[in-house]
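This report looks at charged side chains and nonpolar packing in one protein chain. The sequence and structure come first, and the discussion follows.

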Amino acid sequence: MDSANPVTGQQAHPTVPSAPDDAWRGTFAPPVVSPVHPSRTPRDRIWFRQTVLRLLRDPLSRDTRRQCAYAALGLLLAIPGFVFIVVAVTVGFGMSLSFAGMLVGLPLLMVTLLGARQLGALHRRLAGRLLRLQVESPPPLRPQPGALGRARVALTDPVGWRASAYLLLKLPLSALAVIIAAYLLLWGLPYLTFPIWWEILHVNGVVIHVPGWLMWWKPDPVLVAQSVHSLAVSFALVPAGVAVLLYCPWWLRQCNAVDGRLVARLLGPPLGHRVRELEETRAHAVDDSAARLRRIERDLHDGAQAQ
């Protein structure tokens, strides 16, 4: 029995069961095509192929070469910068403990902070050139009149002290990055091509004498080559080279990323300066909007009077 719809008052139609998909629909009925759901297998294969190719190209890519160059140049700049800051700050503070020594210690600290500013600017430009890191330059010193004013400005310069802290932290980071780059070049590539040059050495009977200062490095490929006596065993070391080539660029990039964060935090403008810039920008925006509003009200008033 058909039941009426309580809202519309119309008679409800009986539900007709739908025919199954494989039911016969007549001789001239169009065939029923079942919806085709796209398979995720081709997409997964494309993603896997792209990932493998990217991992294989990454050790020899331009970005990896820039990372290695930044690590090497950073270490060359970090060593004299570290020595300069440690020696100058230690001597300056030590001499400033006595009244007579302040005449030499305080000027030495002033020169040290000014030099730290310049070294920080050099590291900031190097990071911008090789790491593509855009960091704003800190504000310049605002000299005050008189010798005491200039000394107070130089000794209380937050940019100089933050640059000194960066130069102290730069040396261990640069040393770690250079070690990773050295493993990439001196450990990954030799083990990746280990069977080739092992065969060349043993066919020609070449004997390489390792210097004593390298004997401590047990994974040295030359030392390992002297203990390998068959070509089949040499192929077992190829996966070690592949693993180093795949992992070292990632570790090097992470190490330089930490260095980049230190550059942005310690060599950029101080937080107070940025807050003042935001406040000034906000004040200018408020003044511009108020002037525009007054101009609109004046135009409306002049237009009403003209009518």
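On the surface of this predicted model, a patch of positive charge is formed by Arg62, Arg65, Arg129 and Arg132. Of these residues, Arg132 can be placed in the loop that runs between helix 3 (102–130) and helix 4 (147–155). Because exposure requires a relative accessible area over 50%, Arg132 counts as exposed with its value of 52%.

Charges of opposite sign also meet in the model, and the count of salt bridges comes to four. Three of them are set out here.

| Side chains | Distance, N to O |
|---|---|
| Arg66 and Asp63 | 3.5 Å |
| Arg253 and Asp63 | 3.0 Å |
| Asp259 and Lys170 | 2.3 Å |

Asp63, Arg66 and Arg253 are linked in a network of salt bridges. Within this network, Arg66 and Asp63 both belong to helix 2, where they stand three residues apart, about one turn of the helix. The pair of Arg253 and Asp63, by contrast, links distant parts of the chain, since Arg253 lies in helix 9 and Asp63 in helix 2, 190 residues apart. Asp63 is partly exposed, with a relative accessible area of 26%, and Arg253 is likewise partly exposed, with a relative accessible area of 25%.

Is the salt bridge between Asp259 and Lys170 made by buried or exposed residues? Asp259 has a relative accessible area of 3% and is buried, and Lys170, with a relative accessible area of 2%, is buried as well. Asp259 lies in helix 9 and Lys170 in helix 5, so this pair ties together parts of the chain that are 89 residues apart in sequence.

Turning to nonpolar packing, the largest nonpolar core has 19 residues, and those with the most contacts inside it are Cys68, Ala177, Leu184, Phe194, Cys248 and Leu252. Two or more residues of this core are given by each of helix 2 (62–95), helix 5 (158–192), helix 6 (194–204) and helix 9 (238–266). Helix 5 provides the largest share, seven residues. A second core, separate from the largest one, has 15 residues, among them Ile85, Leu126, Tyr166 and Val263.

Helix 2, helix 5 and helix 9 thus appear in both parts of this account: they are among the elements that give two or more residues to the largest core, while helix 9 also takes part in a salt bridge with helix 2 through Arg253 and Asp63 and in one with helix 5 through Asp259 and Lys170.

How values were computed:
Residues numbered from 1 in each chain as written. Predicted model: local features only at pLDDT ≥ 70, side-chain atom pairs only at ≥ 80, totals over all residues. Heavy atoms only, no water. Core = buried A, V, L, I, M, F, W, Y, C linked by side-chain atoms within 4.5 Å. Buried < 20%, exposed > 50% of the residue type's maximum accessible area, 1.4 Å probe, protein only. Helix = DSSP H or I, 4+ residues; strand = E, 2+ residues; numbered from the N terminus. Patch = residues over 30% accessible without salt bridge, like charges linked within 9 Å, V, L, I, M, F, W, Y side chains within 5 Å. Areas by Shrake-Rupley, 256 points an atom, 1.4 Å probe, with all protein chains shown as cover. Lys, Arg positive; Asp, Glu negative; His and termini not counted. Charge placed at Lys NZ, Arg CZ, Asp CG, Glu CD.
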